Structures are given as structure tokens and as C-alpha cells.
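The following exercises are to be worked through with the sequence and the coordinates at hand. Each task is followed by a solution in steps.

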Amino acid sequence: MRTNIARKSGLHTLPVELVAEIVKFTESLDLCALRLTCRAIYQSSLRQFAHTFVHTLRTDLSPNSLARVEEAANDEMFCPCVRKLEIVRDSKGYLGPLSPDATSKTIYIQAWCDVIKRLSNCRSFELHNLSYTTPYAYSHGITLDEATGLVLKAIANEQIPMEYFSISIVKSRTRVFQDKLTLFDIATFGIPAFSHLKELCFAIPDAETKTIHWMAKMIQCAKSLRKLTIIFNWKCESTFLLSQLSSAGCLPELQELTFSRMSFESSAALGIFLYSIQDSIRHVTFSFVQLELGGWRSILRELGGGSYQLDSVILHSVLEANGFLNFRKIPEYSLAEISLDKRLYRPFQFCFVKTEHTGFSYSGPALPKVLQRVAALAELP
């Protein structure tokens, strides 16, 4: 008798719409367990399962990985749920699926073109944990392995209206592997592919002139960009980059800016760039950015001068000349590193000096007054 009542009043007897609403509040593992209870729940929770587990597809560009992506692209339920494609390459830069003959390359690139075309809702692409070839003297800048390059070309050729693009290539490749690889010059990746971007993130080694120029053109093309993050591997001289981005109207919608591991010949370069985006910018974060003596205090006075409508400012281990700016006189605005992107507080290679009181963070309506106070009290050790 009790068994019959349970069958008639169980969760599976609820309308499909109600079950779908309930499973939205389950954790990932709980959702998987719930779907194993019965066929009715399995079917009614399928859409939420797709949104949870198929939102992001990860591939290492191997044939098996390509097959899995194709399987999702061919599924009527899963395909519309795919919103992001993550490409994770072998740290040694092996070619993986590519063979030396041109025919195989043509088939491979066409397969990726086809699958990307079918993933019509996929607007975000991430390339991370990638290796790069350290540029030789007089070379043309950063180069990636050929497999990654061909997939980038596939994305560009299909004119996918990307809204988010992130590239992380901070691992170096030894010469033993460099000599065996067919390389792809990153600066050949088509600029028009980025015209619809809303978020852009670079985490790359210190770039040569050609790569810097390519980055500038990419950013200039993204007129709808709202969030920009640039993280170099060391203190990369970036005056040339900002000089190309400081023209009026270059980034009319930029709201959030993060710069890390950069240096400028003069604070004027950074000041001019910030002034060019003063109407839209709301959040700025600077980490391990080096200016000349007195440069940061000048920037802080400018940001707090009333021309900006900032909501928050974060400074982490910023430098004037070769010393870290210290905020020990204003401990109420100290920065909790745990709140930062972990890539920002990673220490410099071979830097064993423990720095204290080198973080500042504030958000709120009193920000202009706070910045003026910080500019007056910040000091070098």
C-alpha cells in the first residue's frame, strides 16, 4: 500500500517545469545523483544538466577531444548550451593531432571549422596553460604550436562574434622542443575576429614590438570592450602599448581595467591613457606596475581629482623607481590578497623579499577623498 502511495506522490510525479525549477538549486554532484533515481527525473532534469556540465567544453585538440566536442555540437539539447570553449595545450608544445602532410592538416582545420560553426551560442574562448617559444634576437615575437594556431584560424575564418577571449601562454618551451615544432606566429591571428569583444584577457610573456602592436590593434578593434586585463610575466615596458590606446574614443565602453607586471618610462603615459577612458571607467586594479619616483602619488591625486567616476581602486605591490610603495600609515585600507586573481599576487621569479603594507583597496562614495589621503600618506620604505 505504502509503495503505491510513494509511486503516486513522488518527486517524479510533479510537472516537468516544477522539477526543472527544483534541480536549479542542487549542487553538481547532487544533480548527478538525482538524475540516477528514475527515468522521469533523468529526462526532466536534462536541460539543467546540460546548462551545468556542457556550458564549457575543454579540449586539448587531440582527435579524441575533437570527437567529444563534435558529439556535443551534434546533440540538439547540448549544442545550444555550449557557451565557452577552453583550449588547453601540452606544456611541451607537441603537435598532437597534426601529421606532416598537408592533406591531414586540411581535414583537421575543416573539422574544427565545422564544429565551431555548429556551436552557434559559443561566444567565449580561452587558451590557457599554453607554451610559447621564447623569441630569438631579431625575431617576430611570440609563437605558438601549429595545432593551436590552426584552431585560432578556424575561429577567425568562421567570423564568430566572440564576446570573451582569454589567452594565457606564460610557460616557456626548451630549445630541444623548439627545433622540432612547426610554429604559428601569434600576430597573424586575424584582428576582425575581436570586433564584438566585451571582455579580453592577456596573460603572456613580456612581448616584443610586433606582439605589442598586434595587441594594440586587437584592443582598438574591440569598440564594445568593457573589461580589459593585461598580465605580463615580468615588468614589461608598455609605454608603446598605451600610446596606441590613448586616442579619444578608442575604448568608449571600458568599465574595468587590470594591469599587472608592467613598467612605464613616465607616469604621464599611464595618466594620459586613464584620462582617455575617464567617462566610462569604474574599476581599476594595478599589480606590480612600475612608475618613476613620485609617479604613483601623482596618478592617485589625478584619480581623486573629481574628473573620474570610479567605484573602486586596487593597488598591489606597485613600485616607484625600484621600491614598493608602502601604505602602512593607512592600515584601514589594506588589501586582502585572497580577494585578488591569483595570477596578480604571484611573486616575481627569484624575488625572495617579503613585502608588507604594499596593498591598498577601497570602494565607495568617498573614494576621491580617500585617494587624496592615500597620495599624501603613501611612502617608499
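**Exercise 1. Identify the buried residues of helix 13 and the elements that cover them.**

Solution. The model is a predicted one.
Step 1. Helix 13 spans residues 295-303, and its buried residues are Gly295, Trp296, Arg297, Ile299, Leu300 and Leu303.
Step 2. The cover over these buried residues includes helix 12 (267-276) and helix 14 (367-377). Strand 12, strand 13 and strand 14 (319-320) are also among the covering elements.
Step 3. Trp296, one of the buried residues of helix 13, belongs to an aromatic cluster together with Phe259, Phe273 and Phe286.

**Exercise 2. Place helix 13 in the context of the whole chain.**

Solution.
Step 1. Count the elements: the chain has 14 helices and 16 strands.
Step 2. Consider burial: 49% of the 381 residues count as buried.
Step 3. Consider the exposed surface: it amounts to about 18,900 Å², of which carbon and sulfur atoms supply 54%.
Step 4. Consider the contacts between residues at least 6 apart in sequence: 84% of them join residues at least 24 apart.

**Exercise 3. Classify the aromatic pairs in which Phe360 takes part with Phe327 and with Tyr333.**

Solution.
Step 1. The search of the whole structure yields nine aromatic pairs.
Step 2. For Phe327 and Phe360, the ring centres are 5.9 Å apart and the planes make an angle of 35°. A pair counts as stacked under 30 degrees and as edge-to-face over 60, with the rest tilted; the pair of Phe327 and Phe360 is accordingly tilted.
Step 3. Phe327 lies in the loop between strand 15 (323-324) and strand 16 (359-363), while Phe360 lies in strand 16. The pair thereby links parts of the chain 33 residues apart. Both Phe327 and Phe360 are buried.
Step 4. For Tyr333 and Phe360, the centres are 6.1 Å apart and the planes stand at 85°, so this pair is edge-to-face.
Step 5. Tyr333 is in the loop between strand 15 and strand 16 and Phe360 is in strand 16, so their pair ties together parts 27 residues apart in sequence. Tyr333 is buried, as is Phe360.

**Exercise 4. Describe the largest pocket by volume, lining and composition.**

Solution.
Step 1. The space in the largest pocket is about 350 Å³.
Step 2. Its lining comprises 20 residues, and those nearest the centre are Lys227, Thr229, Glu256, Thr258 and Asp341.
Step 3. Divided by class, the lining consists of eight nonpolar, seven polar and five charged residues.
Step 4. At least two lining residues come from each of strand 6 (164-168), strand 9 (199-204), strand 10 (227-237), strand 11 (256-263), strand 12 (283-291) and strand 13 (312-316).

**Exercise 5. Decide whether Gln48 and Glu146 are buried or exposed, and give for each a residue distant in sequence with its C-alpha separation.**

Solution.
Step 1. Gln48 sits in helix 5 (residues 46-53). Its relative accessible area is 18%, and buried means under 20%, so Gln48 is buried.
Step 2. Ile22 is 26 residues from Gln48 in sequence, and their C-alpha atoms are 9.9 Å apart.
Step 3. Glu146 is part of helix 8 (residues 146-157). With a relative accessibility of 11%, Glu146 counts as buried.
Step 4. Asp185 is 39 residues from Glu146 along the chain, with 9.0 Å between their C-alpha atoms.

Technical notes: Residues numbered from 1 in each chain as written. Predicted model: local features only at pLDDT ≥ 70, side-chain atom pairs only at ≥ 80, totals over all residues. Heavy atoms only, no water. 1 Å grid on protein atoms, 1.4 Å probe; cavity = no way out; pocket = protein on both sides within 12 Å on 5 of 7 lines; lining within 4 Å. Points joined across faces, edges and corners; volume = space filled by probe spheres on them. Helix = DSSP H or I, 4+ residues; strand = E, 2+ residues; numbered from the N terminus. Nonpolar A, V, L, I, M, F, W, Y, C, P; charged D, E, K, R; others polar. Phe/Tyr/Trp six-rings, centres within 6.5 Å; stacked < 30°, edge-to-face > 60°. Buried < 20%, exposed > 50% of the residue type's maximum accessible area, 1.4 Å probe, protein only. Contact = heavy atoms within 4.5 Å. Areas by Shrake-Rupley, 256 points an atom, 1.4 Å probe, with all protein chains shown as cover.
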